[in-house]
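Colleague: Before we go further, could you take me through how to read a few features of this assembly, one at a time?

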There are 4 protein chains.
Amino acid sequence: MAKLRFGVIGWGYWGPKIARNLDSLPQASVAMVADLDERRLAPIHAHQPWIHTTTDVEELLHSDVDAVVVATPVKTHYRLAKEALLCGKHVLVEKPLTASVAEAEELVALAKEMNCVLMVGHTFEYSPAVNELRKLVQAGELGRIYCVETERLNLGLFRNDINVIWDLAPHDVSILLYLFGQLPEQVKVQAHAHLQANIHDIAHIDLGFADGMTSHIHVSWLHPCKVRRVTIIGDARMVVYDDTNPAEMIKVYNKGADVHADPVVSYRYGAITIPHIDWIEPLRLECEDFVNSILKGTSPRASGEVGVAVVRVLEAAQEALRQQAASMSVSVS
Amino acid sequence: MAKLRFGVIGWGYWGPKIARNLDSLPQASVAMVADLDERRLAPIHAHQPWIHTTTDVEELLHSDVDAVVVATPVKTHYRLAKEALLCGKHVLVEKPLTASVAEAEELVALAKEMNCVLMVGHTFEYSPAVNELRKLVQAGELGRIYCVETERLNLGLFRNDINVIWDLAPHDVSILLYLFGQLPEQVKVQAHAHLQANIHDIAHIDLGFADGMTSHIHVSWLHPCKVRRVTIIGDARMVVYDDTNPAEMIKVYNKGADVHADPVVSYRYGAITIPHIDWIEPLRLECEDFVNSILKGTSPRASGEVGVAVVRVLEAAQEALRQQAASMSVSVS
Amino acid sequence: MAKLRFGVIGWGYWGPKIARNLDSLPQASVAMVADLDERRLAPIHAHQPWIHTTTDVEELLHSDVDAVVVATPVKTHYRLAKEALLCGKHVLVEKPLTASVAEAEELVALAKEMNCVLMVGHTFEYSPAVNELRKLVQAGELGRIYCVETERLNLGLFRNDINVIWDLAPHDVSILLYLFGQLPEQVKVQAHAHLQANIHDIAHIDLGFADGMTSHIHVSWLHPCKVRRVTIIGDARMVVYDDTNPAEMIKVYNKGADVHADPVVSYRYGAITIPHIDWIEPLRLECEDFVNSILKGTSPRASGEVGVAVVRVLEAAQEALRQQAASMSVSVS
Amino acid sequence: MAKLRFGVIGWGYWGPKIARNLDSLPQASVAMVADLDERRLAPIHAHQPWIHTTTDVEELLHSDVDAVVVATPVKTHYRLAKEALLCGKHVLVEKPLTASVAEAEELVALAKEMNCVLMVGHTFEYSPAVNELRKLVQAGELGRIYCVETERLNLGLFRNDINVIWDLAPHDVSILLYLFGQLPEQVKVQAHAHLQANIHDIAHIDLGFADGMTSHIHVSWLHPCKVRRVTIIGDARMVVYDDTNPAEMIKVYNKGADVHADPVVSYRYGAITIPHIDWIEPLRLECEDFVNSILKGTSPRASGEVGVAVVRVLEAAQEALRQQAASMSVSVS
């Protein structure tokens, strides 16, 4: 069987990573790469001379590749993905899918019409640790969920085209939607632009869900330590998922507090369990899902629809941020 | 020289701790303890029979003790401290000083009138680690401060008389005011009451200061791990103070990001320094300050005025919380 | 019922700690303290004036106290404990019981003759964490034990009367004997005297047991970090007990290696479990055991016989150290 | 300029890693790979079809490659390296260089005679962290060195051709020789074979140096956690290098103990410093050194002579292990 041929648009951070993973799969090969910057393409000539490179994205879109990876700045996602779909290509777009819900919905409708796979690069949905969390949640191990706190902090990498919400929060929002399968109902934001005017670099996003669950997303480009943490507080158990600690990624705390009839709270303290996780590179699993979806005509886990849902939350957060500027806060008089 | 004689009102968590520290000082002795609950007083009879105990607070207030420690529920602070001052006693009140700014200001005025010392139990202002932080800030080692993040999380201890803001945030607010010497201008709050109706157990408080510095206080009774952390982000250096790690309490990160003329950010990475801290029990230093202030007629570090400032921020946070309930958040449609 | 009256000989590091714990028990009170150094006794006059103090140990030994705690330098243990037993007192001796097996055996025989309790201060046998370990071992959870590694390292406290083996290894040896209930058969030592001539400050002690289990004890006064760790390697599970990490003291690793018929080793990887440990101060439990043994006429857990066994291993280690100086090592030619 | 052409013998763990690094260098390319196992070569056909593969090592040795990498089991190092040198090839041999000093010395002499580069894969000599340690040692920052402790522990990977000393200790011995530039004078060993008869899986190696410095190497295949640690105890400062903690690899402790005239030891406690380390993959630097040595006719850092020195220590350790079996240890009677 002939291998599927892929074209990659954008050879910055994600492009080469996705290409390497696609190339390691038996049914896929990267045939073409496009980037506006000729210098980025030079190493390909040196080490992978069989890959065709171009600075003209139209050449790639109208070539005979079967599928296209869009790994470019967010504001170009919509235009490039749309054109690729119109050319009949299957498309994997880096997260977030687009810069607006309207754009995202249009892409989903177009992919359906063209009978093409549309997928978004929500890598964490393919993380074995996140899937272990999901099993715990869905098996009811944690009981009723009170709240989820996520932290994604580090020094840099600052962007000047989008703020920290659009840059980092797609990870956390996609994890939340994947774990719980429901959209939040309300979104509030506290955010600050310390380093670059009007480009917020620290944000606290507070989400309220229909069932009373709340979630708090803390993202920052301005922090001394790399933090990648998700804490889930259930009434039966609590879990901390620390993506920076490979030996102890998930800790399940069998502890909690119980409210009794009269105003008395009691505490339960039990063992901590650290499940063993068979690790597979999430990006590899993501690429496999893309390839399999194309070959079998099925919908990938991180489908266009999932991409729409995440953008819906980001757009609401952006609107909350806009209102915040105008809105009251209590003054300390 | 005769020792100063102290009376302690409230023999719960803080009362015995403060009493033990006062007793270890050469110029002080605990002469009397009052608590409404007779059973709490029993161990005193067994092990310290020379201390007079009573369930009648009036007996203590009108005894010949020189000074009074008020270690009772918050709502009683004002009344007990006021009466003690009217009896001419020096007074140390557990944090927060009172339940409102008006009450706190009245106590400060009364102490002045009665020529008595009024002090509030802001223990962290006496922590050697917090004082090391203060030296770093005041010496300009951190440069201009962008923001400060504090976290104070654990499972419990739930209260039913006050919410988590009034219970835990006094620590963080007093640290912030002590480090920077200025009140915030605005306060915003995102808080949730998961376990007990109307008693918020998780809160995120966002503070804005006149000079552009921001601060974020995260307090929670509903967390699997004990977290006591203050992170200060300066444009020259960043610091993490982790109160749960005695061997490495303060880490100074010589790293940062610099914005250049055009939209380019560059990063600096240097050494991490962990200063050696000569540890002395903060509560002992607090008790020493109280005794010395009485003996010398001076004002203690954690003076009534400082207590007013902290209550001012807490009261604004409570008002923001009240408004939040009514206010809009963006719905995810 | 009248309280048991205790006399404490030696008011250095351990004396006050044991006295405080004895005093907190309902059936015990500290009546007398002896120390050669008058200055050490001064704080007792100030804060506990009802305790009789003396620089004459004979006064204490011939007083009416029921039991004596010997918390003095090791070389005086035998003489003081012997005289106390001859005076008919129950005796708790700090670890190690004596400086030789012969002395220790004589004390055990004498205690029997005098019908007195003889106990040694092996605090770790009363640690809830060590008892959790013992339950795991005895329930067979770890399978067959290959080896046990212990580390007890820190900067200081250097002694000039005994070397690091007699100072720190009693803890590890008593833990090993308590966990496995058998003496080792052979002892080898690699030790070095870096700071003070002839007083070894770093030692590695290798123990061989009849059933093939081995153990390695690493003790040091010359290390930058405080390390208190016991690692047990079983063929079914492995355990790490880290006494410096209160939140995660014991980690049970469900992992291992299996040898198959031909020269192939396979690996098993499972979950890590951190049991919850209800913490009680080991020294308090030790003091309770002493008091109960006196009252009920029973033998305490850390009996004189157990003290003999530990000294037996220490004496063999000291002999191995003496031979080592003379013995060959391979030269790197 | 034409690229240097490399042949790689052995396509197990190290072969592909070295090949990938050589290929990333501008002056080098991997032209040929030999392995006895055809199945190991299959992925090369699929992904790097331009590399010639063979199961006949003679074909590779007599081909036109300029240099050969020997990444095979230890017992074959000598024979393969010798034949490669006789064919006039430059040779990089995985550590340890050979299974005996005599073999290693013969290779060094032969390389000189043939005017070829002979290098050994002591990767850690190229580690930026180890080089930071070396700077600290050589600048005298640590003062006089009392001792060095190294730990290299994990579950697996068990070998059946060599014991844990020959498998893991080459890393530690090469680090020690690189840091201090001197051979030890004596070697003692305590080792145990728990899992496979006669193949020791846990070893403690004690080294004595002419200047009084001692070193202790602990290597194990039978441990629940991955430990990669070097601790250097100097009389001025102490350092811990933890290879498993990328964010804080080297900690310099400004602390120590000082002996005074009479038997009194005092302690110094200062700051901990964590230097920033610019990380470069050590294997890449190793490959660069090999390529540059060939091109410039110079001697690489990890030269054949260094390889001889490491084998000298390993051989002495093996002899000490042999004698240990026969030698006395003190019995616990």
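Modeller: Gladly, and bear in mind throughout that this is a predicted model. Let us begin with one span, residues 4-122 of chain A, whose end C-alpha atoms lie 22 Å apart and which is 41% helix and 23% strand.

Colleague: Which annotation does UniProt list for residues 4-122 of chain A?

Modeller: An unreviewed UniProt entry lists these residues as "domain: Gfo/Idh/MocA-like oxidoreductase N-terminal".

Colleague: How many disulfides are there over all chains?

Modeller: In general, a disulfide is a covalent bond between the sulfur atoms of two cysteines. Here a pair of cysteine sulfur atoms would have to lie within 2.5 Å, and by this rule the count over all chains is zero. Take C:Cys225, for which the nearest cysteine sulfur belongs to D:Cys147 and is 13 Å away; likewise, D:Cys225 is in no disulfide, the nearest cysteine sulfur being that of C:Cys147, 13 Å away.

Colleague: What is the relative accessibility of C:Cys225, and how does it count?

Modeller: C:Cys225 has 21% relative accessibility and therefore counts as partly exposed, while D:Cys225, with a relative accessible area of 23%, is partly exposed.

Colleague: By what turn and shift can chain A be laid on chain C?

Modeller: A turn of 180 degrees, with a shift of 0.0 Å along the axis, lays chain A on chain C with an RMSD of 0.0 Å. The two copies are therefore related as by a two-fold rotation axis.

Colleague: Which residue of chain A comes closest to the rotation axis?

Modeller: That is A:Thr273, whose C-alpha lies 2.3 Å from the axis. The same surface serves both copies, since 100% of the contact residues of chain A recur in chain C.

Technical notes. Residues numbered from 1 in each chain as written. Chains lettered and ligands numbered in written order. Predicted model: local features only at pLDDT ≥ 70, side-chain atom pairs only at ≥ 80, totals over all residues. Heavy atoms only, no water. UniProt positions renumbered as here; feature names shortened; annotations may be inferred. Helix = DSSP H or I, 4+ residues; strand = E, 2+ residues; numbered from the N terminus. Buried < 20%, exposed > 50% of the residue type's maximum accessible area, 1.4 Å probe, protein only. Least-squares fit on C-alpha atoms with pLDDT ≥ 70 in both. Contact = heavy atoms within 4.5 Å.
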